[in-house]
Amino acid sequence: MKASFRIPCHFDYSAWFAFKVLEYCRQKAVQCSMAYRFSNCVIDPEKYLFLRDGLAIHLEPQVFDLLLALVEKRGRLVTKDELVETVWRGLSVSDATISARINASRKAVGDTGQVQAIVKTVHGRGFKLNVEVQESEDTSAHAIEINHTDTQNIHFTRSSLGAKIAFSKSGDGPPLVRVAHWLSHLELDWHSPVWRPLIEALESKYTLFRYDQRGTGLSSRDLDGADLDVFVDDLEAVADARKLDRFPIFAASQAVPVAIRFTQKYPERVTGLVLYGGYAKGRALREAAQGDIDEDTILGLIRAGWGKADSPFVNAFSTLFMPDATPEQLDGFVKMQTETISSENAAQLRKIIDRFDVSEILETVCTPTLVLHAISDAVQPVEQGRILASEIPEAKYVSLESRNHIPLPQEDTWAQMMHEVQLFLRSLQS
């Protein structure tokens, strides 16, 4: 005899149906918000969030998608063709582009090209994740410390010659001032694949103050009467506007002589100097070193192709600054040109900063100093970095195996640079 099943007459179909709908929705919501844990990392596709050691790290979209593709395969091999289909939607891309994204993903998880503990290359076959993957429903449970913010506060202050200087504040912690450099735009930098990683790294432990140099970005575009001391005035105006009495400085390229002159002028206000890719004497004033690019060449590239994405001149100019940049980074650099400064002002500003000279005051700087320089920098030769380190009393010098004037997060030397910077800044607080 077959057993029969009878539904009780008092059974509430509407309540049962509502319960099933809610249960289904709950399950789908869990599935959609599912994150993945591997090694010391968490990746959450729904929140578009990547964490390492509990710290949120900004990834370019293609790097995020590539890493997610490897994670979702859970250790199985992913061929180049599969990556192209998943990450680039089947578009034709070069091996160099794929390699750049692989290197960036390795950087994000803490690997290098030599140490492939997490992202492993299977030569001639493809790539795979080399660690166990676990699913996690709550990303926030693993976010031990997310220090960067999603917003910045932009303000304006007045400097000498009536210039309006735009500056921003982001992050949390003791103050750190990043001196403005030639190409900057507070709003564009915030989302730039070139500058955003550096901003996040600096603001992860500090309240970061940045500003647009006069002539660029959101600051006044008038450069009449500008010289080294006028740019020092801009730095002073920003520090005064935020009532910063004592603070360390991060300066790159032509911001380096500005920072040195400010420190020589106000030694009681600066607790430490981080100087990257800088110089003591501008290219128009110094004897050309081997491989040094002369001023006429730079000005010719600017005047011929400034801000023109399809111009061979602007491509040559951009590659000069970042020979190992990804296509997205180069595109962002070109966009920065058109939004930041006109071609006429760019040439005028280049001529001004090529005449900065702090060579005679280096020995008077008694502030703790860290000097970093890429060995094959084509914009500012490594000899200039060595001059800074040798003439500033007790400065620490770190050379980087790189040819990029602008630091790029996908380089192996990026981790070395940021480690040295954080270690130095931490030593100032002890």
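## A tour of one sheet and one helix

Start with strand S14, residues 369-374: 5 bridges join S14 to S15, and the two strands run parallel. The model on screen is a predicted one. Within this pair, pick out Leu370, which stands opposite Lys396 in S15.

Now select helix H13, residues 382-391. H13 packs on the sheet and touches S14 and S15. Its direction makes about 165 degrees with that of S14.

Next, select helix H14, residues 412-428. H14 also packs on the sheet. The strands H14 touches are S10 (175-178), S12 (247-252), S13 (270-276), S14 and S15. Its direction makes about 170 degrees with that of S13.

Show the whole sheet. It is open and has 8 strands, in the order S8-S9-S11-S10-S12-S13-S14-S15, with mixed pairing. Which strands stand at the edges? They are S8 (153-158) and S15 (396-400). Each has a single partner strand, so one side of each is left without a neighbour in the sheet. On average, neighbouring strands of this sheet are turned by 20 degrees against each other, direction ignored.

Move to helix H3, residues 80-87. Select Leu83, Val84 and Val87, which are buried. Look down the axis of H3: its buried residues fall within an arc of 100 degrees, so they line one face of the helix. What do these buried residues pack against? Show helix H2 (61-73), helix H4 (95-109) and strand S6 (126-129) to see their partners.

Turn to the face of H3 that points away from its buried side. Asp81 and Glu85 are exposed there. Finish at Arg89, which follows H3 and has a positive phi, near 55 degrees.

How values were computed:
Residues are numbered from 1 along each chain as its sequence is written. This is a predicted model: local features need pLDDT of at least 70, side-chain atom pairs count only at pLDDT 80 or more; totals for chains, interfaces and linings use all residues. Side-chain values use heavy atoms; hydrogens and water are left out. Two strands pair if DSSP finds at least two bridges between them. Helices (H or I, at least four residues) and strands (E, at least two) are DSSP runs, numbered from the N terminus. Axes are lines fitted to C-alpha atoms, for helices over the stretch in contact, and angles run from 0 to 180 degrees between N-to-C directions. Contact means heavy atoms within 4.5 Å. Buried means under 20% relative accessible area, exposed over 50%, partly exposed in between (1.4 Å probe, protein chains only). The arc is that of the directions from the helix axis to the C-beta atoms.
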